[in-house]
Amino acid sequence: MELIKKYFWVFFISMIPLIELRGAIPYAVGFNLPLLPSYIIAIIGNMVPVPFIFFFARKVLEWGKDVKFELFAKFCKFCIEKGEKAKTALLAKSDKGIYIALLLFVGIPLPGTGAWTGTLAASFLDLDFKKSVLAVSLGVVLAGIIMGILSSGIFGAIGLIA
């Protein structure tokens, strides 16, 4: 039962904006969970919000930037600015290879470049849904591989020191 609870946390953490799989994989490695099942669960968890983000997030953010609840309006404006920034970055890095740029944008595990931001950018760019989901999925896989290698190395080194 304890193992299922830890896998649930891997799944849940991977769905959280800005943390996503980049936080779920180190969590799994840190708790000595088997990497392959953790990796698969984190990918699935990271991809669950993608269709909702693609079709609804932009509309909610556009609506929310004008609401009277100032904290929520500021958050919506921040997200729109982040989406526009990602849009600009993707357009600057690509010509016809927009989906490759999207894959790399999501796949390189830097703060603010995950599936949430990439999908929001794809939505802002009015990209094809299926091609965007494929690019984001492959980017999530790439980010997971990178994070698995980095996490194993970091936690392995800590284990040698302790």
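Me: A crossing of two helices is right-handed if the near helix is turned clockwise from the far one by less than a right angle, and left-handed if it is turned anticlockwise. With that in hand, which way does the crossing of helix 4 and helix 7 go, left-handed or right-handed?

Reply: Keep in mind that this is a predicted model. The crossing of helix 4 and helix 7 is right-handed, so by that rule the near helix is turned clockwise from the far one.

Me: And what makes helix 4 "roughly perpendicular" to helix 7?

Reply: Look at the angle. Helix 4 and helix 7 pack at about 65°, with their axes 9 Å apart. Anything from 65 to 115 degrees goes under roughly perpendicular, so helix 4 gets that label against helix 7.

Me: Which residues of helix 4 and helix 7 meet there?

Reply: On the helix 4 side you'll find V50, I53, F54, A57, R58, L61 and E62, and they meet A115, W116, T119, L120, A122, S123 and F124 in helix 7. Sorted by class, that contact has 10 nonpolar, two polar and two charged residues.

Me: OK, next pair. Why is helix 4 called oblique to helix 5?

Reply: The axes of helix 4 (residues 50-64) and helix 5 (residues 70-93) come within 8 Å and cross at roughly 130°. Helix 4 is therefore oblique to helix 5, because the angle is not under 35, not over 145 and not in the 65 to 115 range. Helix 4 passes helix 5 in a left-handed crossing.

Me: What does the contact of helix 4 with helix 5 have by class?

Reply: Names before classes: V60, L61, E62, W63 and G64 in helix 4 meet F72, A73, C76, C79 and I80 in helix 5. By class, that gives eight nonpolar, one polar and one charged residues. Glycine counts as polar here and Glu as charged, so G64 and E62 are the ones outside the nonpolar class.

Me: How do you know what to call the arrangement of helix 6 and helix 7?

Reply: Same recipe. Helix 6 and helix 7 pack at an angle of about 155°, with their axes 8 Å apart. Over 145 degrees counts as roughly antiparallel, so that is the name for helix 6 and helix 7. Their crossing is right-handed. L102, F105 and V106 of helix 6 make the contact with A115, T117, G118 and A122 of helix 7. That contact has five nonpolar, two polar and no charged residues.

Me: What makes helix 7 "mostly covered"?

Reply: A count: nine of its 10 residues are buried. They are A115, T117, G118, T119, L120, A121, A122, S123 and F124.

Me: Pick one of those. Why is T119 called buried?

Reply: The cut-off for buried is under 20% relative accessible area. T119 has 2%, so T119 is buried. Leaving aside neighbours within four places in sequence, T119 is in contact with V50, I53, F54 and V136.

Me: How do you know whether T113 is buried or exposed?

Reply: T113 sits in the loop between helix 6 (98-107) and helix 7 (115-124). Its relative accessible area is 11%, under the 20% cut-off, so T113 is buried. Not counting residues up to four places away in sequence, T113 touches R22, F105, V106 and I108.

Me: Which backbone oxygen lies 2.7 Å from the side chain of T113?

Reply: The one of L110. The side chain of T113 also reaches the backbone oxygen of F105, at 3.5 Å. A polar contact needs a pair within 3.5 Å, so both the L110 pair and the F105 pair fit that limit.

Me: What makes F69 count as exposed?

Reply: F69 is found in the loop between helix 4 and helix 5. Exposed means over 50%, and F69 has 55% relative accessibility, so F69 counts as exposed.

Me: Last one: what is special about the phi of D126?

Reply: Most residues other than glycine have a negative phi. D126 has a positive one, near 55°, without being a glycine. D126 lies in the loop between helix 7 and helix 8 (129-161). With a relative accessible area of 59%, D126 is exposed. N32 also has a positive phi, about 55°, although N32 is not a glycine. N32 lies in the loop between helix 2 (20-30) and helix 3 (35-47), and at 70% relative accessibility N32 counts as exposed.

Terms used
Residues numbered from 1 in each chain as written. Predicted model: local features only at pLDDT ≥ 70, side-chain atom pairs only at ≥ 80, totals over all residues. Heavy atoms only, no water. Helix = DSSP H or I, 4+ residues; strand = E, 2+ residues; numbered from the N terminus. Buried < 20%, exposed > 50% of the residue type's maximum accessible area, 1.4 Å probe, protein only. Polar contact = N/O pair within 3.5 Å; in protein donor to acceptor, adjacent residues only side chain to side chain. Contact = heavy atoms within 4.5 Å. Axes fitted to C-alpha atoms, helices over the stretch in contact; angles between N-to-C directions.
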